[in-house]
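Please read the following points beside the sequence and the coordinates. They are set out as a colleague's note, moving from one topic to the next.

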Amino acid sequence: MTNVKSFLSRQDLLGLAIIAAVIFVLMPLAMDIFRLNLFGKYLTYAFVAIGLVLCWGRGGILSLGQGVFFGLGGYCMAMYLKLEASTPEATAIQSTPGIPDFMDWNQITALPWFWEPFNSLTFTLIAIFVVPAAFAFIIGAAMFKRRVGGVYFAIITQAIAAILTILIIGQQGYTGGVNGITDLRTLKGWDIRTDEAKYILYYVNGALLIGALVLCQFVLKSKLGRLLVALRDKEDRVRFSGYDVANFKIFVFCLAAVLSAVGGAMFTLQVGFMSPSFVGIVPSIEMVIFCAVGGRLSIFGAVYGTLLVNWAKTTFSETFPELWLFGLGALFIAVVLVFPNGLAGLYRTYLGPYVDRWISKKPPSGGTPAPAATPADYDADPAAKPAE
Amino acid sequence: MRRLKDLIENRLSRRSVLTGTAAAAMLATAGAFAPSLAQDVNTTGLAVTDDTVTVGILHSVTGTMAISETGSVQAEKLAIEQINAMGGVLGRKIEYIQEDGASDWPTFAEKAKKLLVNDKVAAVFGCWTSASRKAVLPVFEQYNGMLYYPTFYEGLEQSPNVIYTGQEATQQIIAGIDWVAKEKGAKSFYLLGSDYIWPRTSNKIARKHIEKLGLKVVGEEYYPLGHTQFNSVINKIKLKKPDVIYAIVVGGSNVAFYKQLKAAGIDMTKEKPVLLTISVTEDEIRGIGGENIEGAYAAMKYFQSLDNENNKEFVKAFKEMWGDDIVIGDVTQAAYLGPWLWKAAVEKAGSFDIDKVRLASPGIELTTAPEGYVRIHENHHLWSKTRIGLAKTDGQYDLVYETEELMEPDPFPEGYQ
C-alpha cells in the first residue's frame, strides 16, 4: 500500500475515482449505446493525449506525429480482423477467394508475407505493443542520440506522419489505400458489431484507460518523471549531472507510442474500421490540441480535454452542419486566450484549493503524506500555482 | 388509432379479427383518398408520423470534398422540395436531417450511424467518394438502412442496402472506348489516373476492353490524389504519341493536369491525340477553366446541355433554387434521382419499411429523369445511357454521341476482373 501511496496522492486518487465513475457509471447510465460507443471512441483518443502529457507536457518533446502510432496499433488490429472476415466462404465472389477484398480489387492474388502472421491473435496483440515501440525506438534513437530536439523533432515527426500516410495510400493493394481497412466483423468468432459487444468493448477500453492513467501517474511520480521535468527545463544540467538524457527521452517517447497504439487498437475494435485519415498530420495535430485543451501537464486534464473537444466536434457538427468548423476554431482560440493551461489549469486555479482543503481535513490513514507535486511541475506555466 | 393498434395486436380474438377486417377494408377504401396511418406504412419504427417522414442527407459540406458534394446536396434538397410540393410520399411531407461527413471517412460512419440509430431515418441520400461509401456500408448493412449513392464508381459491389444511382464502371467505359475506336479510329491508348480504387479499377476494365478490341495500351500511370506535377507523364505522352489519352484524374489535380497539358503544347482541339475522360464533369471544369480543356471528350450519362424537356425543367428549377451561375454535373443529376427513386419505391411498396422498399426497388422506372429514362436493375444499379460530350470554352459539354440502348449495369463484369 505504501507503494501505491507513494505515487498516488489523495488528489490523484480522487481524480482517478472521478474519471472511473464517469466512465463506468455516469456515461453508461446517461447514454444510449450509440452515444456510448461514440464516447468510447473519444476515450481511445485519450490514450494518445495522456501519452502526449508525458512526452510533451513533462518531457518537453513535442511530437506532431502521434497519429502514426495510433495508426500502427489500429492497423495491426484491423489486419487481424480483416483476415478473419475474409474467409474463402465470405469472399467467394472474388477472383481469389480468401484474401481481403481490397487486395482482390488490386489484382493481388496471394496474401502478402507481412500479412501472414496477423492470422494469429497472439501475434497481433504482441504486435500492437512491439511494432509502435520498435518504430518509436528507431526514431527516438536516431533523433535523441544526435541531440535533435525541440522544433526540429516536431518537424521530423510531422514528416514521418506524412510519409506513412503516403505509403499507406500508395500501396493500396497491401493496405486498403485511402479507403482503409473496412468491414470488420468478428474477433475470434465474436461479433464485434452487436450492442452487447459494444458494451463489453467500452468497458474494456475504460479499464485499459484507467490502467494507462495509473501507469502514467507511476512514471510521473517516479524518479524518471522528475528527471523528465528537469530535462525539459534544463537539459544540459541533467546531462552534466551524469544522466544519459537520450535514453530517458527514448523511453518516454516509446511509452507514449505504445499508449497511442493501444488507443488505436481499441478504436478499430469499437468503430469497426481503420483508415489513413488517422495517421496523417492533421489528426496528429488534433491530438496535440486535445492535450492542450486539457492542460498539457495533467494526465487527467488530457482525458477531459479529449472528451470536451470531441464532444464539441460532434455536437457542433450535428447542430450546424455547415458552420461547425468555425465553432470549433473559436473554441480553440478561446482556450488559448482565456485559459492557456487548459482545463487542468482552470481546475488548479479555481477548484483545486477547495478540494485540497476538503481532503486534508481527514487525517491521513498512515504512511507518509503524499509528496506534493514538485514545484518544477508548474514552473513552466506561471498561471497555475502549485496546489499544495 | 390507438384502437386500431390494439386490434392488430390482438389478432387472436375473433371479434377483433372481424372488426379488424372491417377496419382494414375501411382503410383500403380510404387509402385512395387519405394517407394511411403511420403504423401501417412503418412497422419497423422509422421516423414516420401521420404527416411527415424523415430522411437523412449525408455529404461533406466542409473539407476538400465539399466542392464536389455541394451539388449533390443541392440536388437532393431540390428533389425533396419538389416532391413535397407534389404532396409528399404516401401523403407525408419529407423532412430531412442533414449531417456533415466533413470529407473524413470515419465521420461519415459516425454520422451514418447517428442517422440510422438515433434519428431512424427512412432513407439516406449521401456519400460521394468510394472511401466514404465503404466506411458507411457496414453501418447500413448492420442497422438495415437504405442509402442512395449518387457517384459513378468502380463497381465490384452490390449491397442490398444501397441503390446506386450513378454508373458503375462498365457503363461509363465500354461505350466510350467503342466510340473513340470507331469514330476517331483510335489504335493506341495511354491510361492515366489518380491513385486509388476507382481510377485503377476503371483502367483495368478499360485495358481489358481495349485489348479485346485488338487495340494497344502504350502506357498506364497513377499519381497520388492532390498531385500537381504532371510534366513527366506529359513528356512520356509526347514521346509515345498515343491516339487517345484516357484520363481519370480526380479532384484538384485536374486543374494542374489540364493546364500543364495545354502548356506542353498538346492541343486537344486537333485530330490527335483525343483526350477522353470519365472524371471531369461541368463542376470540375469550373476549376480547370473551359479554355484549358476545350476539345476534350467526356463519357458520362448526363450533361447539363442535354436537350430534352425533363432536363430543361430540371435546370430551370435548379437555377431558381440555387442561383443562375450554378453548373450541374453528372453526379448532381444522379443525386437528384435518389429521392425520386425512393419515392417511387415507397409508393410501389405501400410502405416505408426498408425491406419492402428494397423488394419494390428493382424495376422502378423514372420517366421524368433529367437524363431521360432510367430503371432500377435487380442488382440495385440503374439502367442508363452512356453519352459522350465535347468540352467547350464556356465550361459546358456538347453532346456528340449517345448509346441507342440503355446500358445494363454490371458491377461484377465477367472477363474484366
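In strand 5 of chain B, which residue is the bridge partner of Leu147(B)? The partner is Val162(B), and the points below begin with the basis of the model before returning to that sheet.

1. Basis of the note. This is a predicted model, in which local features need pLDDT of at least 70 and side-chain atom pairs count only at pLDDT 80 or more, whereas totals for chains, interfaces and linings use all residues. Residues are numbered from 1 along each chain as its sequence is written, while chains are lettered from A and ligands numbered from 1 in the order in which they are written.

2. Confidence in chain A. The pLDDT, which is the predictor's confidence in each residue on a scale from 0 to 100, averages 86 in chain A, with 91% of the residues scoring at least 70. Among the elements of chain A, the lowest mean, 64, belongs to helix 1 (residues 2–7) and the highest, 96, to helix 6 (residues 121–144); helices (H or I, at least four residues) and strands (E, at least two) are DSSP runs numbered from the N terminus. Over residues 364–388 of chain A the pLDDT is below 50, and this stretch has 41 contacts in the model beyond near neighbours in sequence, a contact being two residues whose C-beta atoms, placed from the backbone, lie within 7 Å. Where pLDDT is low, the predicted coordinates should not be read in detail.

3. Overall form of chain A. The secondary structure of chain A comes to 16 helices and two strands. For 388 residues a compact globule would have a radius of gyration near 21 Å, and the 22 Å of chain A agrees with this; the radius is taken over C-alpha atoms, and the globule rule is 2.2 Å times the number of residues to the power 0.38.

4. Overall form of chain B. Chain B has 15 helices and 15 strands, and its radius of gyration of 23 Å agrees with the value near 22 Å for a compact globule of 417 residues. Of these 417 residues, 52% are buried, where buried means 20 or more other C-beta atoms within 10 Å of the residue's own, exposed 12 or fewer, and partly exposed in between, with C-beta atoms placed from the backbone.

5. The sheet in chain B. Five strands form an open sheet in the order 2-1-3-4-5, with parallel pairing, and two strands count as paired if DSSP finds at least two bridges between them. Strand 2 (93–100) and strand 5 (162–164) of chain B each have a single partner strand, so one side of each is left without a neighbour in the sheet. Strand 4 (residues 147–149) of chain B pairs with strand 5 of chain B in the parallel sense over three bridges.

6. Surroundings of Val136(B). This residue lies in helix 6 of chain B and counts as buried because it has 30 C-beta neighbours inside 10 Å. Leaving aside neighbours within four places in sequence, Val136(B) is in contact with Phe108(B), Ala109(B), Ala112(B), Cys127(B) and Leu147(B).

7. The contact between the chains. Chain B gives 32 residues to the contact and chain A gives 28 residues. On the side of chain B that touches chain A, strand 2, helix 5 (105–118), helix 6 (130–142) and helix 8 (197–212) of chain B each supply at least two residues, and the largest share, eight residues, comes from helix 5 of chain B.
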